[in-house]
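Here are a few exercises to work through at your own pace. Have the sequence and the model open side by side, and try each task before you read its solution.

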Amino acid sequence: MSDEQDGIELLVLLEVEGLEDKQRFEKHVKKEGFVVVEDEEFVYTGKSTTSLFATKAFILEVFKVALQKQEFKGKANLVFLLNELPYPPYYYDLNTKEFEEAEIKEETK
């Protein structure tokens, strides 16, 4: 059986400051098929049977909508792995109300 038939394993980590109602936030995330990792703060797993591109778009949309349903103070950052492959970090832009890819500054030697 190929990896594509098995699906894509997802791991999503969210850092959010001052979330008003975590239960309501996680209710939306669970409804969309994510599983809360016990004993971890804002860590979720899941499985996807679509392409990597579609899965990435789905993750960004689900967490964007979940944040929009809540009040939170400060910032929100998101990182995720698809089949253990890390993707660039994202931050939630309060002006556009969208996740934007964070620019990673390389350290100079």
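The exercises below go from strands to salt bridges.

This is a predicted model, in which local features need pLDDT of at least 70, side-chain atom pairs count only at pLDDT 80 or more, and totals for chains, interfaces and linings use all residues. Residues are numbered from 1 along each chain as its sequence is written, and side-chain values use heavy atoms, with hydrogens and water left out.

**Exercise 1.** Find the two faces of strand 1 and its partner strands.

*Solution.* Strands are DSSP runs of E with at least two residues, and helices are runs of H or I with at least four, numbered from the N terminus. Start with residues 8–16, which make up strand 1. Ile8, Leu10, Val12, Leu14 and Val16 form its covered face, while Glu9, Leu11, Leu13 and Glu15 lie on the uncovered one. Next, look for pairing, which requires at least two DSSP bridges between two strands. Strand 3 (residues 43–48) runs antiparallel to strand 1 and is joined to it by 6 bridges; here Leu11 stands opposite Thr45. Strand 4 (residues 76–82) is also antiparallel to strand 1, with 7 bridges, and its Leu78 is the bridge partner of Leu14.

**Exercise 2.** Decide whether Ser48 is buried or exposed, and list its contacts.

*Solution.* Buried means under 20% relative accessible area, exposed over 50%, and partly exposed in between (1.4 Å probe, protein chains only). Ser48, in strand 3, has 10% relative accessibility and therefore counts as buried. Now list its contacts (heavy atoms within 4.5 Å). Leaving aside neighbours within four places in sequence, Ser48 touches Gly7, Ile8, Leu10 and Thr55.

**Exercise 3.** Trace the salt bridges of Lys22, then those of Lys64.

*Solution.* A salt bridge is a side-chain nitrogen of Lys or Arg within 4 Å of a carboxyl oxygen of Asp or Glu; the count by this rule is 6. Begin with Lys22 and Glu26, which meet at 4.0 Å, N to O. Both lie in helix 2 (residues 22–31), 4 residues apart, about one turn of the helix. Then follow Lys22 to Glu41, at 3.4 Å, N to O. Glu41 lies in the loop between strand 2 (35–36) and strand 3, so this pair ties together parts 19 residues apart in sequence. Glu41 is exposed, at 53% relative accessible area.

Finally, Lys64 meets Glu98 at 3.2 Å, N to O. Lys64 is in helix 3 (residues 52–68) and Glu98 in strand 7 (residues 98–101), so the pair links parts 34 residues apart in sequence. To finish, Lys22, Glu26 and Glu41 form one network through salt bridges that share partners.
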